[in-house]
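Please open the structure in the viewer and keep the selection panel at hand. The tour below proceeds from one selection to the next.

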Amino acid sequence: MSAVITVAAPLDLQGVGHRFGPAWAVRGVSLSVAAGAVVALVGPSGCGKSTLLRIAAGLIEPTEGRVRRGAQRSALVFQQPRLLPWHTAAANIALGLKARGVPGAARAAQAAELGRRLGLTEDDLRKFPHALSGGMQSRVALARALAVAPDLLLLDEPFAALDIGLKLELYALLRERIDAQGIAALLITHDLMEAVRLADRIVLVGGAPGRAMGALPLDRPHAARDDGWLFATTAEVMAQPAVRRTFGLPSPTTAARRTAQAGAAR
Amino acid sequence: MQLLLSILRGLPAYLWTGWGAVASLALLCALWAALASLYGPLILPGPRETFATLHALWQSGQMGPELWVSAQRALAGLGLALAAGTVIGLLAGRFMTTAVIARPLLTLLLGMPPIAWLVLAMLWFGTGHATPVFTVFVAACPIVFAGALQGMRTLEQHYRELADAYALGLAQRMTDIVLPHVAAYLFPATVTALGTAWKVVVMAELLTTVDGVGAALASARTQLDTAGSLAWIGALLALLLLIEYGVLEPLKREVERWREAAA
């Protein structure tokens, strides 16, 4: 009998559900993320996206279903930077390295190198988080995650509070690391354009309890995703019935009729 | 080493902030002198007379050893209280159930008068070294315990999740997350505990031992030596101030340097 070589996906969820007390937060969600691919979880607030991410990270055990993590190392970027206020930026970046037993000097060197690549100066790295701007704090949080050289990166709306210039810069950095290291990434976002820009597949999560409402593949290579394509595709995605259902938006035809009525009334 | 250097660098600025303290102490001395001139030296000797007695006691070599003995007892009791109080406080604060169980016990222990412990300690340990050390320990321990418990209860879930997500081991959890957070609660508790230790050690010595500041106070009392009593009390308070502002406060400033930017 010939051996079948199967490479386990970095992340594979099968029929996952989780219950807090009597209430199900999510139910029956199956998804899988391949190496070097970004899957975006898109859906309204409170639909259980964060719960799914915590299950993926192994922070909570799902009530039902199966989680398989082929990834050796995962890293999580939280919604807020969640830096340790009593550590300098450099020490914050090195947190995961310290946990993995990297000696002090090597840790500092790696943290400095990564910080530099993410646009933090030597001076910034010596500062405590309180002295850093929100954007700088987000960079430190991202650097902390990338420092452990994860093969599975879990991102919980990490860019939600940032201005557009900073977002674009961090998107580029993130995409570069994902391509260079073949990282599998699961990204939560409310922002459809962000999902269209970064993801290889969008999974819609909605309803109560949250479940997968549909998936949209985005096959265009990332290098070819210019602004024109982004706007057109985002608009296209917005118009999809599955997307409108997920976010509880009226169907396009009713929306168009309402706009027409409003115009006539004026 | 780096910590020490950093403390030394901050020293001039730190000393400059001491003017306010000096002024308030000078005011106290003026009030004391006024009262002394009103009541006469038998009831209340003035600051000048007291300091002269203090100086004489120090010069005669009588004061140093006694202060040293008392300080050793107070600091031994305090050290034990810090170690035990921190450990049980952190453990009790870790879980809701233990925290709930600990609360009424804490109220009880904090309310227990040190003199009651002293009576028990005399029965258990006799009149040796152990009685004042034990009394200081049991009086200071609940204070530290309460501080550590409070610190642990207020540790945010956020940080626990962070520690889980980055697979921090137990040792790193303690040094990088729990202790820096709990320190903010432990410092004020330690200052309070230090004051308590000082008060309790003198009380315990006064009633039990033949050496230490408390014993010296007892003998000054039997000789109706008011100036001597005040001199001993002055020496004791000076030592307390020295430890608090010479050791604890600079240490606190250094450990909590990260707060500066926030203010």
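**Stop 1: a salt bridge between the chains**

Select A:Arg54 and B:Glu161, whose side chains form a salt bridge with an N to O distance of 2.8 Å. Please bear in mind throughout that the model is predicted. The count of salt bridges between chain A and chain B is three.

**Stop 2: the interface as a whole**

Next, select the residues on either side of the interface. On chain A, 23 residues are in contact with chain B, which contributes 19 residues of its own. The area buried between the two chains is about 2,000 Å², and carbon and sulfur atoms give 67% of that area. Polar contacts are found here as well: nine residue pairs across the interface of chain A and chain B satisfy the rule, with both residues at pLDDT 80 or more.

Now restrict the selection to chain A and colour β5 (74–77), α3 (95–99) and α6 (134–147), each of which supplies at least two residues to the side that touches chain B. Which of the elements of chain A gives the most to that side? The answer is α3(A), with four residues. By residue class, the side of chain A that touches chain B comprises 14 nonpolar, five polar and four charged residues.

**Stop 3: chain A in full**

Hide chain B and display chain A as a cartoon. Eleven helices and nine strands may be traced in chain A. The radius of gyration of chain A is 20 Å, close to the 18 Å given by the globule rule for 266 residues, so chain A is as compact as a globular protein of that length. Along the principal axes, the C-alpha atoms of chain A fill a box of roughly 70 × 60 × 40 Å.

A colouring by accessibility is instructive at this point: buried residues account for 46% of the 266 residues in chain A. In a contact map of chain A, 70% of the contacts with a separation of 6 or more join residues 24 or more positions apart.

**Stop 4: a glutamate in chain B**

Restore chain B and select B:Glu205, which lies in helix α10 (residues 170–207) of that chain. Is B:Glu205 buried or exposed? It counts as buried because its relative accessibility is 0%, where the cut-off for buried is under 20%.

Finally, show the surroundings of B:Glu205. Its side chain reaches the backbone nitrogen of B:Val213 at 3.1 Å. Leaving aside residues up to four places away in sequence, B:Glu205 touches B:Val69, B:Ser70, B:Arg73, B:Asp211, B:Gly212, B:Val213, B:Gly214 and B:Ala215.

Technical notes
Residues are numbered from 1 along each chain as its sequence is written. Chains are lettered from A and ligands numbered from 1 in the order in which they are written. Side-chain values use heavy atoms; hydrogens and water are left out. Contact means heavy atoms within 4.5 Å. Buried area is the accessible area (1.4 Å probe) that two parts lose on being put together, summed over both. A salt bridge is a side-chain nitrogen of Lys or Arg within 4 Å of a carboxyl oxygen of Asp or Glu. A polar contact is a pair of N or O atoms within 3.5 Å; within protein, one must be able to donate a hydrogen and the other to accept it, and residues adjacent in sequence count only if both atoms are side-chain atoms. Ala, Val, Leu, Ile, Met, Phe, Trp, Tyr, Cys and Pro count as nonpolar, Asp, Glu, Lys and Arg as charged, and the others, Gly among them, as polar. The radius of gyration is taken over C-alpha atoms; the globule rule is 2.2 Å times the number of residues to the power 0.38. Buried means under 20% relative accessible area, exposed over 50%, partly exposed in between (1.4 Å probe, protein chains only).
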